[in-house]
Amino acid sequence: MKAIRTILPLLLALLCLPVQAEKKTSKKKVQEPAEVVDTVSIDTFSYYFGLANANGLREYLVQRMGIDTVYIEDFIRGFQYTELTASDKRAKARLAGVEIRQQLETQILPNANKQVNDSVNLLNKSLFMLGFQNSVRNTPQSISLDSTQMLVKKQLEYYTKVNNERKYGENKRAGEEFLRKNAKRDSVVTTKSGLQYKVLVKGTGAIPKPEDNVSVNYEGRLIDGTVFDSSYQRNRPATFPVNQVIKGWVEALTLMPVGSKWEVYVPQELGYAERDQGKIPPFSCLIFTVELLDIVK
């Protein structure tokens, strides 16, 4: 049980009582009379040794494990028996049920409601609890467990998308408007995918393949000018496989000769789309200054 695993380190620590080691010396010791030590019988020692090692355990049970002092004798009863009776096992199962119910109500349900719609009470609590109980009971269902998990996964993805559209849809519209105007600027090239770029320095080296590793310096900005990442600020180029970055970068890098420096405009669908990246809100159009330094062999 969890409680037992928690207590054992405490008991082991208590058992490790310090023993004063005899210091070695190269000098010849002066003969001293043997110290007279009061001793007790092994039985008396055993009893007091038990007393010493339980020091602080009562407080631990009360303060850390939440055991009411009224039920200390029940703890002793469990301590005295190495095997649980049928009634003890029933009580153990009920206690586990109480603890898990508390976790569901204080953690799982609130987090699920927040993910569904930033709400604390949108989900049907009664039906959630019924489904949970029927799963534990192994009650036959009309669909398989795999199908159930897939349904929940897809539904949560749907809720996430709807919530992001509601909260961050303006980012998408602002990005689309920015790209529409940007496409009309001199020297801006728009590809079939919607990626846009402007050549600042024309390189003459090799062009990376998707499976290549590249070394680049870069700066990433939102369309309002906010810088969210920069290898220039770190004073250290970044090295990574071409095919392990966002789609917009993959496309741009496989068009750039080594030695090039471009300004790249990445539509949200070629960037992080609806994903929240902290400094990069969902549906953000991204602007990168990218300097391709080398193909790393």
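This is a guided tour of one protein chain, with a suggestion at each stop of what to select and a description of what is there.

Before selecting anything, keep in mind that the model is predicted. With the whole protein chain in view, you are looking at 297 residues, of which 25% count as buried, and at 9 helices and 7 strands. The accessible surface comes to about 21,800 Å², and 55% of that belongs to carbon and sulfur atoms. Among the contacts with a separation of 6 or more, 67% are accounted for by residues 24 or more positions apart.

**First stop: helix α5**

Select residues 86-117, which form helix α5, a run of 32 residues that reaches 45 Å from its first C-alpha to its last, close to the 46 Å expected at 1.5 Å a residue. Centre the view on L104, where α5 has a kink of about 40°. L104 is also one of the buried residues of α5, together with L109, N113 and V116. If you then add α6 (125-137) and α7 (145-182), you will see part of what covers the buried residues of this helix. Just after α5 comes D118, whose phi is positive, near 50°.

**Second stop: the hairpin of β1 and β2**

Move on to residues 188-190, strand β1, which pairs with β2 in the antiparallel sense over 3 bridges. Within this pairing, V189 stands opposite Y197 in β2. The hairpin has 5 residues between its strands, and in it G194 takes a positive phi near 105°.

**Third stop: strand β6 and its partners**

Keep β2 (residues 196-201) in view and add β6, since these two strands run antiparallel and are joined by 5 bridges. Two of the residue pairs to look for are V199 with its bridge partner W262 in β6, and V201 with its bridge partner K261, also in β6. Next add β7, which pairs with β6 in the antiparallel sense over 6 bridges; here the bridge partner of E263 is T289 in β7. Is β6 enclosed by the rest of the structure, or is it open? Of its 6 residues, 5 are buried, so β6 is largely enclosed by the rest of the structure.

**Fourth stop: the nonpolar cores**

Now select V216, W249, L253, V264, V266, L286 and F288, which touch the most other members of the largest nonpolar core, a set of 26 residues. At least two residues of this core are supplied by each of β3 (213-222), β5 (238-241), α9 (247-253), β6 (261-266) and β7 (286-296). The largest share, 5 residues, comes from β7.

To look at one member in detail, select V266 and leave aside its neighbours within four places in sequence; what is V266 in contact with? Its contacts are L195, I246, G248, G271, S284, C285, L286 and F288.

Apart from the largest core lies another core, of 5 residues, and selecting L179, V188, Y265 and I287 will show you some of its members.

Conventions
Residues are numbered from 1 along each chain as its sequence is written. This is a predicted model: local features need pLDDT of at least 70, side-chain atom pairs count only at pLDDT 80 or more; totals for chains, interfaces and linings use all residues. Side-chain values use heavy atoms; hydrogens and water are left out. Helices (H or I, at least four residues) and strands (E, at least two) are DSSP runs, numbered from the N terminus. The expected span of a helix is 1.5 Å times one less than its number of residues. The bend at a residue is the angle between axes fitted to the seven residues ending there and the seven starting there. Buried means under 20% relative accessible area, exposed over 50%, partly exposed in between (1.4 Å probe, protein chains only). Contact means heavy atoms within 4.5 Å. Accessible areas come from the Shrake-Rupley method with a 1.4 Å probe; for residues, only the protein chains shown count as cover. A nonpolar core is a set of buried Ala, Val, Leu, Ile, Met, Phe, Trp, Tyr and Cys residues joined through side-chain atoms within 4.5 Å. Two strands pair if DSSP finds at least two bridges between them.
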